[in-house]
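Let's take a walk through this protein together. Have a look at the chain first, and then we'll go through it piece by piece.

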Amino acid sequence: EHDGDNEDWPDADEGEDALDPQTWSEERKSVGKRIFVLTPEGETLQVWKTDSDISGMYIFGRVLIAKVGAYMAGEFITLKGI
């Protein structure tokens, strides 16, 4: 079980400095910037990408809604229904 306390940063890929985002690959930079909308069976309905931070996700009926941007000033994005 990992709780994040006292754990080392994951190893950087070759040519990357784990603490310097300017050296990170595009794949590493995209972590936490995508939402995968899946069916209960695991089929992909949508992959949504953003350059902003995702500050929350909510289910409204059968629709997934994401809050993107700053906590108080962000916007809501409606993703595919489930």
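## Finding your way around

Among the elements of the protein chain, helix H1, at residues 26–29, comes out with the lowest mean pLDDT, 74, while strand E2, at residues 44–49, gets the highest, 87. Keep in mind that what you're looking at is a predicted model. Across the protein chain the pLDDT averages 76, and 80% of the residues score at least 70.

So what is the chain built from? There's one helix and there are five strands. If you read along the sequence, the pattern goes α-β-β-β-β-β.

Let's start with a pair of strands. Strand E1 (residues 34–38) and E2 run antiparallel, and five bridges join them. One pairing to look for is Ile 35, whose bridge partner in E2 is Trp 48. Together E1 and E2 make a hairpin, with five residues between them. In that turn you'll find Gly 42, which has a positive phi of about 95°.

Now for the inside. Of the 82 residues of the protein chain, 21% count as buried. Which residues make up the largest nonpolar core? There are eight of them: Ile 35, Val 37, Trp 48, Leu 64, Ala 66, Val 68, Ile 77 and Leu 79. At least two core residues come from each of E1, strand E4 (63–68) and strand E5 (75–81). E4 gives the largest share, three residues. As a general backdrop, nonpolar side chains in soluble globular proteins tend to be buried together. You may also recognise Ile 35 and Trp 48 here, the bridge partners from the hairpin, since both are on the core's list.

Val 68 is a good core residue to linger on. Setting aside neighbours within four places in sequence, Val 68 is in contact with Trp 48, Thr 50, Ser 52, Asp 53, Ser 55, Gly 74, Glu 75 and Ile 77. Two of these, Trp 48 and Ile 77, are core members too.

Thr 50, another residue on that contact list, is worth a stop. You'll find Thr 50 in the loop between E2 and strand E3 (54–60). Is Thr 50 buried or exposed? Thr 50 counts as buried because its relative accessible area is 12%, and the cut-off for buried is under 20%. The side chain of Thr 50 reaches the backbone nitrogen of Ser 52 at 3.0 Å. Leaving out neighbours within four places in sequence, Thr 50 has contacts with Lys 33 and Val 68.

Follow Val 68 the other way and you get to Gly 74, which sits in the loop between E4 and E5. With a relative accessible area of 25%, Gly 74 is partly exposed. Not counting residues up to four places away in sequence, Gly 74 touches Lys 67, Val 68 and Gly 69. Gly 74 and Gly 56 are 18 residues apart along the chain, and their C-alpha atoms are separated by 10.0 Å.

One more residue in E4 deserves a glance: Val 63. Val 63 is partly exposed, at a relative accessible area of 27%. The C-alpha atoms of Val 63 and Thr 78 are separated by 7.1 Å, with the two residues 15 apart along the chain.

Finally, step back to the whole chain. Among contacts between residues at least 6 apart in sequence, 15% join residues at least 24 apart. The protein chain exposes about 6,800 Å², and carbon and sulfur atoms supply 50% of that.

Technical notes:
Residues are numbered from 1 along each chain as its sequence is written. Side-chain values use heavy atoms; hydrogens and water are left out. pLDDT is the predictor's confidence in each residue, from 0 to 100. Helices (H or I, at least four residues) and strands (E, at least two) are DSSP runs, numbered from the N terminus. Two strands pair if DSSP finds at least two bridges between them. Buried means under 20% relative accessible area, exposed over 50%, partly exposed in between (1.4 Å probe, protein chains only). Contact means heavy atoms within 4.5 Å. Accessible areas come from the Shrake-Rupley method with a 1.4 Å probe; for residues, only the protein chains shown count as cover. A nonpolar core is a set of buried Ala, Val, Leu, Ile, Met, Phe, Trp, Tyr and Cys residues joined through side-chain atoms within 4.5 Å. A polar contact is a pair of N or O atoms within 3.5 Å; within protein, one must be able to donate a hydrogen and the other to accept it, and residues adjacent in sequence count only if both atoms are side-chain atoms.
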